[in-house]
Amino acid sequence: MVQLEEVEDQDLAREQPGPYEEEEDEDYTDTDSSLSDDDLPSSLDPSETALDRIYALKDIIPPATRRSIATTSSNVFSALKSSALFSGKSLYVLSTGGLMVLVPYMMAMIEEQQIVEMEREQKAREMGSEIMSPGAQAGGLPGAPGARASL
């Protein structure tokens, strides 16, 4: 038959350091660390980077799944790259074509507006001179249209 024997834990029986009952907990700060860098488990190795941990996860994902993820991400990246290139080239063609067509058109429109404005000013001068001197001839220079020939 098996006999059970009680074994007392020596660390449990020993009094543990801590704040005294008279002191308040908020004044107590523990400056003695029981863990050092040597005591850290290998999973908490400070020299291990996050990239190392992610790289270690590749063994969890089956090769077929990894291949499909890689193919899908490659296809998405390729599609984004080609659409960005197409958009850039299209924008370049549209902007240069627009500049080559619209700039001369706008210059012609401005010139046309200036000509129309000069014609209005000329008509206003003629109307003003006729109003100021109703009996005077338009264009007082000999040989000008509307001038009478005198012999």
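**Group meeting talk: salt bridges and a nonpolar patch**

Hi everyone, let me start with Arg 53, which is partly exposed, at a relative accessible area of 42%. Before I go on, please keep in mind that this is a predicted model.

So, what does Arg 53 pair with? Arg 53 forms a salt bridge with Glu 48, and the closest N and O atoms of the two are 3.4 Å apart. Glu 48 is partly exposed too, with a relative accessible area of 31%.

How many salt bridges does the structure hold? Two. Arg 53 with Glu 48 is one of them, and Arg 120 with Glu 117 is another. For Arg 120 and Glu 117, the closest N and O atoms lie 3.9 Å apart. Have a look at where these residues sit: both are in helix H3, three residues apart, which is about one turn of the helix. As for accessibility, Arg 120 counts as exposed because its relative value is 54% and the cut-off for exposed is over 50%. Its partner Glu 117 is partly exposed, with a relative accessible area of 38%.

Now, please stay with helix H3, which covers residues 63-132, and find Val 101, which lies in that helix. Is Val 101 buried or exposed? At 55% relative accessibility, Val 101 counts as exposed. Val 101 also helps make a nonpolar surface patch of about 650 Å². The other residues that make the patch are Met 100, Leu 102, Tyr 105, Met 106 and Met 109.

That's my tour for today. Thanks for listening!

Conventions
Residues numbered from 1 in each chain as written. Predicted model: local features only at pLDDT ≥ 70, side-chain atom pairs only at ≥ 80, totals over all residues. Heavy atoms only, no water. Patch = residues over 30% accessible without salt bridge, like charges linked within 9 Å, V, L, I, M, F, W, Y side chains within 5 Å. Areas by Shrake-Rupley, 256 points an atom, 1.4 Å probe, with all protein chains shown as cover. Salt bridge = Lys/Arg side-chain N within 4 Å of Asp/Glu carboxyl O. Helix = DSSP H or I, 4+ residues; strand = E, 2+ residues; numbered from the N terminus. Buried < 20%, exposed > 50% of the residue type's maximum accessible area, 1.4 Å probe, protein only.
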